[in-house]
Structures are given as C-alpha cells and as structure tokens.
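User: Hi! I'm new to protein structures and would like to learn how to read one. Could you walk me through it?

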Amino acid sequence: GPGELPRDGAKTEGRGDFSPWREARNREESDQAAWQRRKGMAAAFRGNTVKVETGRWAALGGSIRKGFREAVTTGLEPESQAARVIRAIVIGEHPADAEELVAAFRNSGTLHIFSVSGMHVAMVGAIAWLVLRHAGVSRRSAVLAILPLVFGYSWITGSSAPAVRSAWMMAVFLMAFVFRRQPDLLNSLGAVLLAAMLWDGNLLFQPGVQLSYGVVAAIAIGTTWGMRPFRWISRKEEYLPDSLMTDWQKHRLNSRRTLAKGLGVSTAAWVGSTPLTVFHFGLVTPIALVGTLALSIPVFWLLSLSLFSAAIHPVSPVGAATVNRLNGKLADGCVKIAATLSSVPGSHFETRRPGEPMLIVYDLEYGAGAACFTGANGNAVMIDCGDRQSFQYQITRSLRGLGISPDSVVLSHGDAGHIAGITEVTEAFPIKQVWLPVKESRSAGYQEWISKGPPLGIKTLHAENLREIPLPDGAWLEVLHVPDALEKNILADDRVAVFRLHWGDWKLLMTSDSGHKIERALLASGKDLSADVVIAGRHRRDPALGDDLLSAVNPQAIVASHSPFPAEERLDPKQVAYWRSRGLKVANQADTGGVTVRLADNGDLLIEGYVDRSVIRLSRR
C-alpha cells in the first residue's frame with residue numbers, strides 16, 4: 001500500500017484486505033500463485049494504510065546500503081546507461097525499463113553478470129587476496145580477512161540468494177587452507193547445497209539455483225575435459241628448456257596457459273548451463289563460450305574501481321566521482337562488447353517456435369487489451385499492446401516463452417490500456433513499423449508513438465493510407481472502420497478502429513473497446529460485416545454487440561473480455577446467457593483466461609481457453 005517503503009527488519013502494521021495470489025491466465029505467463037503456494041504463502045495482504053516502524057539497526061543497515069549504492073555512481077547521471085550498468089553489475093540491481101540493454105547481455109550469454117552471484121563473490125575475494133598478498137599477509141591469515149569481506153559484500157548488495165550461497169561456498173572452500181586440508185570444489189558445492197536444501201527445499205525449483213549449482217558442478221567436473229581442444233594454445237615450444245626462456249617468453253607462455261584454462265572453464269560452464277537455459281528460457285548462446293571470458297576482465301576492473309570508489313567516498317566525494325566517471329567509460333565498454341557479441345551471426349538462437357499460425361488474445365487486468373497474430377516461423381504482429389505493466393510482466397514473458405518476436409504493431413485506439421509505451425515495446429522486440437488509426441490524440445502515450453517512432457527507425461503507417469494490413473502466412477487485416485480524425489476531444493473508446501481478420505477461409509471481427517456509437521457507424525456504412533467470430537473488448541459507458549450488429553455479422557462464436565475491476569469492465573452473466581440463447585458459442589475470458597485461436601488439421605477453427613482448458617470447435621458453414 002501507500003506510505004513509507006519498509007526496509008529489512010522494519011515492523012509494519014496496516015488495515016486492508018487479504019486476497020489470493022493472481023493465477024496465471026495466459027500462456028507462458030509466470031505462475032506467481034503456484035510459486036507462492038509452494039513456499040507456504042496463502043494470500044497477499046493489500047494495505048490501504050500502512051504504518052512502518054523502522055528500528056535503529058534496520059535504519060542503520062538501510063542507510064549503509066543506500067550510501068553504498070550512491071557511492072558507486074556519484075559523479076554520473078543517476079539514470080544514464082553507465083550508472084545503470086554499474087548498479088546492475090556491482091549491486092545486482094536489474095535495470096528498469098532497459099530491455100534493449102538487458103537483451104544485449106542475454107543474447108551474448110552474459111546476463112549472469114547482472115546479478116550478484118558466484119562470479120562477483122569470487123572476484124571480490126580475488127581483489128582482497130591481491131591487496132593482502134602485496135601487503136605481505138600470509139595465505140591462512142588472508143583467508144580470515146577475506147571471508148568477512150565476502151559476507152559483507154553479499155550483505156551490502158541486498159543478501160540475494162545467489163550471493164549468500166556463493167559466500168558460503170567460498171567459506172567452505174577457503175577454510176580448507178586454514179585447517180591445512182586439500183580444498184575440493186565438489187565437496188564445497190555438496191556441503192552448501194545440502195545445507196541450502198535443508199534450509200529451504202523450494203530452492204531446488206528456482207532456475208537461478210539450478211543454474212548456479214549446475215554451472216559450478218560442470219566447472220569442477222568438466223574443466224579438464226573442456227581444456228582439451230585448447231591444449232595447442234598452452235603448448236610450450238619444443239626443445240626450449242625453461243632456463244633458456246626469456247622473461248617475455250615466460251610471460252607469453254603463462255598468458256597462453258591462462259587463456260587456455262579460461263576457455264576450458266568457459267566451455268565446461270557453457271556445456272553445463274546450456275541444457276538448463278534451453279529448458280527454462282528456450283535460448284542457446286554459443287557465443288557465451290568466449291563472451292564470459294571477453295567480459296570477465298572489464299567486469300573485474302569495473303568491480304575493483306567501484307569498491308575503491310565506495311571506500312574513498314566518505315573522505316573524498318570528489319575523488320570518488322572522478323573514479324566513477326572513469327568507471328562509467330568501462331561500463332559503456334562492457335555494453336559495446338555485449339552488443340558486438342550478440343550481433344555476431346549464430347551467436348544466439350531461440351529453440352522455441354510456435355510451429356503453426358495462431359492468434360493469441362490476452363486476458364489482462366483493468367480492461368487492458370492485447371492480441372498477437374503469429375506465423376509458423378515466429379514472425380508476428382501485435383494488435384494492441386496492453387498497458388505498460390501488463391506488457392512488461394505478462395505479454396513480453398509470454399511471447400518470449402513461445403518464441404514469438406513481433407516486428408509490427410497495430411493500434412486500435414489511444415487508450416492507455418492498449419498502447420503500452422513505445423519505449424517498452426521497442427526495447428522488448430525489433431519493431432519496424434506501426435499502424436495508427438488517427439494522426440492526433442490527447443493521449444500522451446499515443447503521442448509518443450507518433451513523435452518517437454520515426455527517430456527510432458519505425459515506419460509509421462496511417463489509416464488513410466493503408467486500409468489492408470498484411471499479416472504472416474498470408475493472413476491480413478481489413479480496416480472496416482476508422483475514427484473521425486477531427487474528433488480529438490471525445491473518449492478514446494469512441495475513437496476505435498475496427499478490424500476484420502481474414503485467415504484462410506475464416507473471418508474474425510475485432511471490435512476492441514468500441515461501443516454502440518461505432519456499431520451504428522458500421523451498420524450505416526453498408527459494408528459487408530459478416531464474420532465467423534467476434535473478438536470484443538468493453539466500452540465502459542456504451543454497451544456493445546447489440547442485436548442489429550450480431551444479425552449483420554452472423555457469427556458462430558464470441559470471445560468476450562472480462563476484468564473483475566473496475567466494475568464497468570465486468571462481463572454480465574445475463575449477457576453471456578443471452579448470446580448463448582441465440583445459439584452462439586461464448587468464450588468468456590472470466591473463465592477461459594487468455595485465448596488461443598488456431599486452425600485444426602481438417603481446417604476447423606479452434607478457440608482454446610488457457611485457464612479452463614475449454615475448446616470451441618467451429619466448422620465451415
């Protein structure tokens with residue numbers, strides 16, 4: 001609820017309501033409810049008024065973490081690319097609204113550097129060891145100094161599960177030196193994994209846990225095997241005794257051996273992680289074989305400079321700012337490396353493909369609307385994009401999970417629940433063109449599509465110039481109605497474009513949020529309005545799908561949106577009953593959730609509900 005944001009250790013009290021976790025209602029949407037139930041969470045408390053009491057120690061911890069966050073980016077613009085990359089690498093803070101930035105690291109197989117994990121903890125330990133070794137500290141004594149630093153780093157960055165796991169693994173591994181025992185990576189991994197599972201067995205279901213432990217196990221088991229293809233790199237010159245080697249030759253040999261070992265570790269890690277990344281994310285990144293190695297050195301120096309900046313910030317903010325500006329250039333360099341790696345042909349590819357043409361109609365909250373038509377090869381067109389939040393957290397994840405990457409957008413009207421934001425959409429997918437029903441609108445989000453599209457290289461198409469919109473696999477959208485360009489000051493739902501999807505022998509009428517006013521305009525146009533299916537949103541003030549329109553369309557089925565809140569977005573059960581009394585089949589999204597429309601092998605049209613697993617089969621008339 002509203003009010004002060006609670007810190008770790010704060011005490012909160014409030015008045016509000018308990019509600020069940022939101023169930024997944026669309027294909028490939030993350031099932032938050034199932035995950036919370038597995039963890040023993042019964043409900044969510046949504047507070048209207050919340051009181052936060054922050055104790056002395058909780059406040060101190062919060063201020064220390066806040067100070068560290070500010071120290072590593074002081075001297076940089078807070079929302080600049082460099083600052084976001086530094087916070088992502090050093091603190092594990094996921095860059096908000098930076099999908100394009102994240103995509104470069106994801107597609108180069110190096111996204112793990114954006115979370116504080118074993119790599120970061122190991123680097124902090126290595127930095128501390130280098131400093132202590134040059135200070136003449138013995139190895140046993142250095143271990144006792146390194147471990148508090150490692151645990152301190154995992155705490156100050158938010159005590160994320162990967163960081164804490166890695167800190168404990170390092171502790172088990174390094175304590176072998178203190179007790180003069182031979183360290184063993186697999187033993188350390190097994191001990192920490194066993195303790196973690198006893199502490200919380202649900203960790204086993206987290207992809208991050210599976211990847212972190214799986215990669216470490218692969219490195220421990222497979223590094224020797226992974227180095228075999230690179231032995232030639234580390235091979236010493238024949239017939240040249242060590243005593244006759246120059247310092248330069250020795251340096252070259254050591255560098256080549258380090259490179260060969262790094263490639264061996266990277267190969268083992270990639271082999272160990274690939275089955276899991278394919279299973280969880282449907283992504284294969286062969287470029288990661290060299291990607292992690294290419295970024296490890298700049299990331300090491302970026303982390304080193306950040307820690308140095310944080311250390312000197314209390315006594316010299318100006319000096320910290322100077323270091324951070326230098327570090328910002330290093331952060332930008334990391335982005336360029338990741339972008340270059342991800343642009344290499346064959347650097348990454350999706351293993352998930354839809355395999356057949358289909359239309360996905362999303363079930364979203366608060367009356368938001370979105371659909372996507374995709375061809376068999378994954379090419380797709382978005383027909384409305386939902387609101388900003390649903391696009392980012394539901395639609396994007398769903399499309400990626402299905403292996404669908406839209407390159408075009410069709411907007412029906414300027415309502416905020418249908419246009420998302422051009423920044424979010426273009427950062428998530430390679431949008432090349434957008435179709436707009438009107439050239440002017442009061443909607444700020446719609447104006448962004450008009451003004452920002454051309455500078456981003458997006459071709460803007462308008463209704464007056466294009467009344468037939470091509471879709472993948474030979475399908476196309478016929479524009480049956482466009483709003484009056486001069487009526488800028490009326491409701492967005494009264495300025496809706498109406499489409500008819502032609503798909504093989506089938507026709508689907510997509511009315512979006514249009515109301516009775518637009519229905520009268522359609523009937524008055526004299527156009528053929530016939531369709532097999534009507535896909536309808538809801539106008540909050542003007543009822544839609546009257547008898548006259550249904551008679552003109554003569555559909556076999558209706559897909560009708562429903563949202564429990566606000567009340568105007570609810571689909572009246574009496575309306576559903578009336579439609580069915582007319583002999584129509586109804587996919588009520590209150591029951592079906594998201595809907596997938598596809599063609600059966602015999603040419604029938606299938607309308608499949610995600611939540612209730614219902615199937616409506618339509619045959620040609």
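Analyst: Sure. Let's start with a rule for strands: two strands pair if DSSP finds at least two bridges between them. With that in hand, keep in mind that this is a predicted model. Here, E5 and strand E18 (residues 595-599) are joined by four bridges and run antiparallel. Within that pairing, Leu359 has Val597 in E18 as its bridge partner.

User: In which sense do E5 and E6 pair?

Analyst: First the general idea: strands in a sheet pair through backbone hydrogen bonds, and the pairing can be parallel or antiparallel. In this case E5 and E6 are antiparallel, with four bridges between them. Two of the partners in E6 are worth finding on screen: Thr374 is the bridge partner of Met358, and Cys372 is that of Ile360.

User: Okay. Which residues of E5 are on each of its faces, and are they buried or exposed?

Analyst: A general point helps: along a regular strand, side chains alternate between the two faces of the sheet. In E5, Met358 and Ile360 are on one side, Leu359 and Val361 are on the other, and all of them are buried. Both faces of the strand are therefore covered.

User: What is the order of strands in the sheet that holds E5?

Analyst: It's an open sheet of nine strands with mixed pairing, in the order E10-E9-E8-E7-E6-E5-E18-E19-E20. The edges are strand E10 (459-462) and strand E20 (615-618); each has a single partner strand, so one side of each has no neighbour in the sheet. From one strand to the next, the twist averages 20°.

User: Which helix lies across E5 and E6?

Analyst: That's helix H14 (residues 388-402), which also lies across strand E7 (379-385) and strand E8 (405-410). Its direction is at about 165° to E7.

User: And what is the strand order in the open sheet of seven strands?

Analyst: This sheet has mixed pairing and reads E11-E12-E13-E14-E15-E16-E17. At its edges stand strand E11 (468-470) and strand E17 (585-588), each with a single partner strand, so each has one side without a neighbour in the sheet. The twist here averages 20° from one strand to the next. For a parallel example, take strand E14 (residues 506-512) and strand E15 (residues 533-536), which pair over four bridges. There, Leu508 sits opposite Val533 in E15.

User: Which helices lie across strands of that sheet?

Analyst: Helix H18 (residues 516-524) lies across strand E12 (476-481) and E13, at about 100° to E12. H20 lies across E16 and E17, running at about 155° to E17.

User: Let's switch to side chains. How many aromatic pairs are there?

Analyst: There are eight aromatic pairs in the structure. To describe a pair of aromatic rings, you give the distance of the centres and the angle of the planes. Take Tyr366 and Phe565: their ring centres are 5.9 Å apart and their planes are at 85°, so this pair is edge-to-face. The two residues are 199 residues apart in the chain: Tyr366 is in the loop between strand E5 (358-361) and strand E6 (370-374), and Phe565 is in the loop between strand E16 (557-560) and helix H20 (573-581). Tyr366 is partly exposed, at 48% relative accessible area, while Phe565 counts as exposed at 54%.

User: Are the rings of Phe373 and Trp503 stacked or edge-to-face?

Analyst: Planes over 60 degrees apart count as edge-to-face. The planes of Phe373 and Trp503 are at 85°, with the centres 5.0 Å apart, so this pair is edge-to-face. Phe373 in strand E6 and Trp503 in strand E13 (residues 498-503) are 130 residues apart. Phe373 counts as buried, at 0% relative accessibility, and Trp503 counts as buried too, at 4%.

User: Which arginines lie over the face of a ring?

Analyst: Arg65 lies over the face of Trp155, 4.6 Å from the ring centre. Arg400 lies over the face of Phe429, at 5.9 Å from the ring centre.

User: One last stop: what does the side chain of Ser296 reach?

Analyst: Ser296 is part of helix H12 (residues 288-312). Its side chain reaches the backbone oxygen of Leu293 at 2.8 Å. Setting aside neighbours within four places in sequence, Ser296 is in contact with Met119 and Met123.

Notes:
Residues numbered from 1 in each chain as written. Predicted model: local features only at pLDDT ≥ 70, side-chain atom pairs only at ≥ 80, totals over all residues. Heavy atoms only, no water. Phe/Tyr/Trp six-rings, centres within 6.5 Å; stacked < 30°, edge-to-face > 60°. Buried < 20%, exposed > 50% of the residue type's maximum accessible area, 1.4 Å probe, protein only. Lys NZ or Arg CZ within 6 Å of the ring centre and 35° of its normal. Axes fitted to C-alpha atoms, helices over the stretch in contact; angles between N-to-C directions. Contact = heavy atoms within 4.5 Å. Polar contact = N/O pair within 3.5 Å; in protein donor to acceptor, adjacent residues only side chain to side chain.
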